[in-house]
Every structure is written in structure tokens, then in C-alpha cells.
Amino acid sequence: MRFDALAALALAPLVAGHGAVTSYIIGGTTYPGYEGFSPASSPKTIQFQWPDYNPTMTVGDPKIRCNGGTSADLSAPVTAGQNVTAVWKQWTHAQGPVMVWLFKCPGDFGSCKGDGQGWFKIDQMGMWGNNPNSENWGTAIVLKTLKWSSMIPTNLAPGNYLIRHELLALHQANTPQFYAECAQIVVSGSGTAAPPSDKLFSIPTYAPQTDPGITVDIYQGGLTSYTPPGGDVWSGFQF
Ligand SMILES: *[C@@H]1O[C@H](CO)[C@@H](O)[C@H](O)[C@H]1NC(C)=O
Ligand SMILES: [Cu+2]
């Protein structure tokens with residue numbers, strides 16, 4: 001490993017910009033998130049403890065799933081139809097989408113790593129308007145409010161789920177940076193719904209790296225719309 005003053009300078013802006021969900025608010029209760037680094041002597045959390053603040057640079061990197069973290073000690077209860085609000089202590093990038101995903105664990109959290117084609121989006125915000133070189137982005141809302149609130153679909157089948165908050169920073173042309181973390185939630189309710197297979201993705205590699213929602217130059221003239229990678233949100237309702 002090479003580390004010198006130049007590398008330190010080059011790294012500084014990245015480190016300053018790095019996001020981490022530092023707490024979750026569910027039904028009026030605040031659950032601490034993780035603030036790094038694993039294995040730290042930090043309190044037990046509902047969030048997977050991850051090894052570093054570095055962004056993941058490719059959608060095929062296994063680290064993209066939960067920032068490299070492993071199962072958490074705790075979980076938080078949520079009733080279907082309630083919101084989960086993620087809170088960040090800092091975030092500095094204003095271009096790129098916010099995407100919130102769920103994964104239904106086949107059993108206990110201890111053995112639930114998010115393997116297989118079981119991830120689906122419950123919420124996302126890409127760009128509005130027609131100017132990518134703007135602050136009309138989901139991540140700009142996180143920059144301004146340091147929060148993101150998403151509803152757990154009302155008729156979602158109960159069970160153990162991983163919730164994954166993903167900020168995809170697009171401020172560097174053709175050099176996407178993924179910031180994601182996972183937490184453990186126990187969904188209750190009387191719903192029976194599960195997403196259809198066309199809404200289910202594997203993470204890593206929920207889209208090709210060449211997806212125009214991933215490898216994109218937002219400063220290139222003529223770009224007037226943006227579609228987040230990894231498909232549409234599943235609202236929970238089956239038609
Ligand atoms: C709950 O989440 C939805 C998005 O799923 C959002 O539109 C709504 O504003 C949130 N409600 C609160 C009270 O934050
Ligand atoms: Cu950054």
C-alpha cells in the first residue's frame with residue numbers, strides 16, 4: 001500500500017464527502033446506525049458494520065451490497081405502511097439518485113446476507129426537470145435535509161428484511177460512486193404481497209456498469225433526462 005502526501009490530498013475530498021446512514025427513525029424511535037470502522041467497539045446496531053468510508057466504484061463489486069458489512073446484532077420492528085427514515089451526519093454530493101431497496105430474508109438475520117435475486121426497490125428519486133448539471137436530484141435532498149424517508153409497502157408480507165439505502169453520486173463524469181448500507185428490520189402486518197420477478201435484482205450487478213444511469217457524464221450537453229439503474233419501484237400493490 002502506498003500512502004504519501006499527494007495521495008492524502010487526493011483522498012481528502014472523497015473522505016469528506018462520504019456518506020453513511022448514522023441512524024434510522026422508525027415509528028418515533030431512533031435506532032443508531034454505524035459510524036465506522038468495523039470491528040469497532042461501537043454499540044450494537046441494526047446496521048451492518050462496514051470496513052471503510054470508501055465509495056464502491058463498480059456495480060459488480062461485492063462491496064456494493066452493504067458496503068462490505070456483515071450481519072448486525074440488532075433489528076428494528078416496523079409495521080407495513082410505516083416509514084423508515086434514514087439519517088446521515090454528512091453528505092456532500094448533489095447529483096445522483098437515491099434508491100431504497102428491500103430483501104426478504106429466508107430465515108434468521110444471522111444467515112441473511114442478501115444473496116440471490118431478491119432485492120427490490122421501494123423508493124427512489126433520480127432527477128427532475130431537464131438539467132443534470134443542477135441540484136434537481138434525490139441526493140441533493142439528502143444534502144439539504146440529511147434524511148430520506150420511505151414507506152414500507154402497506155401490503156408487504158411480514159418477515160425479516162434487509163433495507164438498503166443507496167446514494168449513487170454522479171458528480172464525476174463517467175466515474176460513479178456508490179454509497180450503500182444495509183440494516184435489519186422486522187416487518188409486521190397482515191399483508192401477503194411480494195414483488196413480481198421483474199422487480200427482483202441481484203446485488204452486486206443489478207445493472208451493467210455501462211447502464212446510462214451509472215456511467216454518465218452529467219456535464220455533457222444535450223442530456224435532458226435520467227433513469228436510475230435497476231428498474232422501477234415496486235409500490236406493493238399487485239394488479
Ligand atoms: C413516507 O415515505 C414516503 C415515500 O415512500 C414519502 O413520500 C412521505 O413523505 C414519507 N412520510 C413522512 C411523514 O416522512
Ligand atoms: Cu464523496
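**Exercise 1.** Which residues coordinate the copper ion (ligand 2)? Work from the predicted model, and state whether each residue is buried or exposed.

*Solution.*
Step 1. The donors to the copper ion (ligand 2) are NE2 of His93 and OH of Tyr179, at 2.1 to 2.6 Å.
Step 2. Locate the two residues: histidine 93 sits in the loop between β4 and β5, and tyrosine 179 belongs to strand β9 (residues 177-188). The pair therefore ties together parts that are 86 residues apart in sequence.
Step 3. Apply the cut-off for buried, under 20% relative accessible area. Histidine 93 has 10% relative accessibility, so histidine 93 counts as buried. Tyrosine 179, with a relative accessible area of 5%, is buried too.

**Exercise 2.** Describe the strand pairing and the burial of β4.

*Solution.*
Step 1. Strand β1 (residues 21-26) pairs with β4 in the antiparallel sense, over five bridges. In this pairing, serine 23 is opposite valine 87 of β4.
Step 2. β4 and β7 also run antiparallel and are joined by five bridges. Here asparagine 83 has methionine 151 of β7 as its bridge partner.
Step 3. Of the six residues in β4, five are buried, and the strand is mostly covered.

**Exercise 3.** Which residues of helix α2 (residues 138-145) are buried, and which strands do they pack against?

*Solution.*
Step 1. The buried residues of α2 are Gly138, Thr139, Ala140 and Val142.
Step 2. These residues pack against β4 (83-88), β5 (98-104), β6 (119-125), β7 (147-151) and β8 (159-169).
Step 3. Look just after α2: leucine 146 has a positive phi of about 55 degrees.

Conventions
Residues are numbered from 1 along each chain as its sequence is written. Chains are lettered from A and ligands numbered from 1 in the order in which they are written. This is a predicted model: local features need pLDDT of at least 70, side-chain atom pairs count only at pLDDT 80 or more; totals for chains, interfaces and linings use all residues. Side-chain values use heavy atoms; hydrogens and water are left out. Buried means under 20% relative accessible area, exposed over 50%, partly exposed in between (1.4 Å probe, protein chains only). Helices (H or I, at least four residues) and strands (E, at least two) are DSSP runs, numbered from the N terminus. Contact means heavy atoms within 4.5 Å. Donors are N, O and S atoms within 2.8 Å of the metal (3.2 Å for Na, K and Ca); water is not among the atoms, so sites may look incomplete. Two strands pair if DSSP finds at least two bridges between them.
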